[in-house]
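Subject: Structure handover and notes on its aromatic pairs and nonpolar cores

Dear colleague,

I am passing on the structure below, together with some notes on what turned up in it. Please read them with the coordinates open beside you.

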Amino acid sequence: MSKVYVFDHPLIQHKLTYIRSKETGTKEFRELVDEVAALMAYEITRDLPLQEVEVETPLAKCKSYLLAGKKIGLVPILRAGLGMVDGILKLIPAAKVGHIGLYRDPDTLEPVEYYVKLPSDIEERDFIVIDPMLATGGSAVAAIHSLKKRGASNIKLMCLIAAPEGIERMQKEHPDVDIYVASVDEKLNEKGYIIPGLGDAGDRLFGTK
């Protein structure tokens, strides 16, 4: 069974409050999502392997550490996942970015895939799938299926907010994929939106309705 990590860092929780607020405009919303994504990236990369190296400071030689060449791939689920990419790239600038485009059928609430573009060395990378909301779980499940059938094996899922229903579906269909979130909310409403949530992340990021 996959694990669920809820980041309770004060800075993440503080910024998440403003992200939730309906009074927060598009520009500030976008900046806050970017900042929280960077803070979450700091936590999600905690287990990256290191290698010991020797470095010469202005005063002496010493042993120090560099990342051990682990290749990272970021895969935002279009379109809302795009809002979190730049924040993560600030910490991991060498990561390659793929894209998976999905939209949710308004009647069935199931995802429909319309675009996939991934790094060519997919088997060699650890992937972080990115979507602000884990609601029904349909989009995340479909995106991870898409990655796996193309050769990815080490995958994590990063979201701002998750509903219990989405977590349950993810753990059932992808028990090998750990989930990293800033909050687990109460439930889904009849339209498949997270309550209390933050509204439609894509619309709030890009100023659409």
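Tyrosine 103 is partly exposed, with a relative accessible area of 44%; please bear in mind, here and throughout, that this is a predicted model. The aromatic pairs number three in total. In one of the pairs, the rings of tyrosine 5 and tyrosine 180 are stacked, because their planes meet at 10°, which is under 30 degrees, and the ring centres are 4.8 Å apart. This pair connects distant parts of the chain, since tyrosine 5 belongs to strand β1 (residues 4-6) and tyrosine 180 to strand β11 (residues 178-184), 175 residues apart. Tyrosine 5 is partly exposed, at a relative accessible area of 31%, whereas tyrosine 180 is buried, at 7%.

Tyrosine 103 itself pairs with tyrosine 114, with ring centres 6.3 Å apart and planes at 35°, so this pair counts as tilted. Tyrosine 103 lies in strand β6 (residues 99-104) and tyrosine 114 in strand β7 (residues 111-117), so the pair ties together parts that are 11 residues apart in sequence. Tyr5 and Tyr180, for their part, form one aromatic cluster together with Phe7.

Phe7 also leads to isoleucine 12, which touches Phe7, Val36, Leu39, Met40 and Ala182, when residues up to four places away in sequence are not counted. Isoleucine 12 sits in helix α1 (residues 10-20) and is buried, because its relative accessible area of 1% falls under 20%. Its C-alpha atom is 8.5 Å from that of glutamate 35, although the two residues are 23 residues apart along the chain.

Turning to the nonpolar cores, the largest one has 36 residues, and those with the most contacts inside it are Ile19, Met40, Ile88, Leu160 and Leu198. The elements that give two or more residues to this core include α1, β4 (71-78), α3 (82-91), β10 (154-162) and β11, while α2 gives the most, with eight residues. Leucine 198, leaving aside its neighbours within four places in sequence, is in contact with Ile19, Arg20, Phe29, Met133, Leu160, Ile161 and Arg204. Apart from this largest core lies another, of 24 residues, among them Ile77, Ile100, Leu102 and Val129. As general background, nonpolar side chains tend to be buried together in soluble globular proteins.

With best regards

Technical notes
Residues are numbered from 1 along each chain as its sequence is written. This is a predicted model: local features need pLDDT of at least 70, side-chain atom pairs count only at pLDDT 80 or more; totals for chains, interfaces and linings use all residues. Side-chain values use heavy atoms; hydrogens and water are left out. Helices (H or I, at least four residues) and strands (E, at least two) are DSSP runs, numbered from the N terminus. Buried means under 20% relative accessible area, exposed over 50%, partly exposed in between (1.4 Å probe, protein chains only). Contact means heavy atoms within 4.5 Å. Rings of Phe, Tyr and Trp (its six-membered ring) pair if their centres lie within 6.5 Å; planes under 30 degrees apart count as stacked, over 60 as edge-to-face and the rest as tilted. A nonpolar core is a set of buried Ala, Val, Leu, Ile, Met, Phe, Trp, Tyr and Cys residues joined through side-chain atoms within 4.5 Å.
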